[in-house]
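Open the model in your viewer and keep the sequence beside it. This tour says what to select next and what is there.

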Amino acid sequence: MDSEPPFESVPDKKPKSDWPQEGKIKFKNVSLRYAPLEPAVLKNLNFVIFPREKIGIVGRTGAGKSSLIQALFRLADVDGLIEIDEVDTSQIGLHDLRSKISIIPQEPFLFSGSLRRNLDPFDLYADEPLWRALEEVELKEIGLKAYINEGGSNLSVGQRQLVCLARAIVKNNPILVLDEATANVDPRTDELIQTTIKRKFEKCTVLTIAHRLNTVMDSDRILVMDAGNAVVRQFFF
């Protein structure tokens, strides 16, 4: 199998340590296909997401919503330009890019080990911010030393999603992606997640792939995808 692009940036292309500060995202003539001979699943996308905007991404199954997020994380080969705070993301290492974008996926992934390891797998933070994050998502009673089974099988679906939310709170990145994060949780957990995101990520750029109307009701703008195209023309620059 072909290798991914380099994990680390070459020295003259490495972004500053405080990049990105604003969270502005620009797609210019972006297309994506999963194999060279396959048809494009994203087709010539052109739009700008401004700093701190809350963007709802909607569309039917197969419209290209998740593919748009894969393009942002460079999980597949992309034609065109994707910039974050004026930095061409194709010119920097994957670690420098992906470590600066938080994501709460539809299917949360947890490691076997302590809850602390799941929140901070690289031991970058002291215990205090981890405890604060657990308190924000109402999981403080579980404790940092609690053992998590592979995939989080000893937690409910809602609790697993809240652990992913706590992980994003700890990272405090300027860009947050929600990939139908509340699709499989109960209404109370959904409300807790939405309320916490509004409060803790107020100054962040947030992209929300949604399947429920109430999930995107508070968005600044809506990006409607259809067959790989962005069909809300007033969204374009």
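**Start inside the sheet**

Select Ile57 and Leu223: Ile57 stands opposite Leu223, which belongs to strand 11. Strands and helices here are DSSP runs, numbered from the N terminus, with at least two residues (E) for a strand and at least four (H or I) for a helix. The model is predicted, so local features need pLDDT of at least 70 and side-chain atom pairs count only at pLDDT 80 or more, while totals for chains, interfaces and linings use all residues. Residues are numbered from 1 along each chain as its sequence is written, and side-chain values use heavy atoms, leaving out hydrogens and water.

**The whole sheet**

Now show residues 54-58, which are strand 3, together with residues 221-226, which are strand 11; the two pair in the parallel sense over four bridges. Strands count as paired if DSSP finds at least two bridges between them. Widen the selection to the open sheet of six strands, in the order 6-9-10-3-11-12, with mixed pairing. Its edges are strand 6 (101-104) and strand 12 (229-230), each of which pairs on one side only.

**Strand 10**

Which strands pair with strand 10? Strand 3 does, in the parallel sense over four bridges, and strand 9 does, in the parallel sense over five bridges. To see single bridges, select Ile55 with its partner Leu207 in strand 10, then Leu178 with its partner Thr208 in strand 10.

In a regular strand the side chains alternate between the two faces of the sheet. On strand 10, Thr205, Leu207 and Ile209 point one way, Val206 and Thr208 point the other way, and all are buried. Buried means under 20% relative accessible area, exposed means over 50%, and partly exposed lies in between (1.4 Å probe, protein chains only). Because five of the five residues of strand 10 are buried, the strand is largely enclosed by the rest of the structure.

**Helix 1**

Select residues 65-72. This is helix 1, which lies across strand 3, strand 6, strand 9 (175-179), strand 10 (205-209) and strand 11, and runs at about 145 degrees to strand 10. Such angles run from 0 to 180 degrees between N-to-C directions, with axes fitted as lines to C-alpha atoms, for helices over the stretch in contact. Helix 1 is mostly covered, with six of its eight residues buried: Lys65, Ser67, Leu68, Ile69, Ala71 and Leu72. After the helix comes Arg74, whose phi is positive, near 55 degrees.

What does Leu72 touch? Leaving aside residues up to four places away in sequence, Leu72 touches Ile25, Phe27, Ile82, Ile84, Leu97, Ile101, Val177 and Leu207, where contact means heavy atoms within 4.5 Å.

**Two nonpolar cores**

In soluble globular proteins, nonpolar side chains tend to be buried together. A nonpolar core here is a set of buried Ala, Val, Leu, Ile, Met, Phe, Trp, Tyr and Cys residues joined through side-chain atoms within 4.5 Å. The largest core has 30 residues, of which Phe27, Leu45, Ile57, Leu68, Leu72 and Met225 touch the most other members. Strand 1, strand 2, strand 3, helix 1, strand 4 (78-84), strand 9, strand 10 and strand 11 each supply at least two residues of this core. Another core, of 29 residues, lies apart from it; Ala133, Ile148, Leu192 and Ile193 are among its members.

**Aromatic pairs**

The structure holds two aromatic pairs. Rings of Phe, Tyr and Trp (its six-membered ring) pair if their centres lie within 6.5 Å; planes under 30 degrees apart count as stacked, over 60 as edge-to-face and the rest as tilted. Select Phe27 and Phe47, a stacked pair at 4.7 Å centre to centre with 15 degrees between the planes. The pair links distant parts of the chain, with Phe27 in strand 1 (residues 25-32) and Phe47 in strand 2 (residues 42-49), 20 residues apart. Both Phe27 and Phe47 are buried. Move next to Phe109 and Phe111, an edge-to-face pair at 5.5 Å centre to centre with 85 degrees between the planes. Phe109 is partly exposed at a relative accessible area of 47%, and Phe111 is partly exposed at 28%.

**Last stops**

Select Ala230 in strand 12, which counts as buried at 3% relative accessibility. Ala230 and Lys65 are 165 residues apart in sequence and 9.7 Å apart in space, C-alpha to C-alpha. Finally, zoom out: the protein has seven helices and 12 strands.
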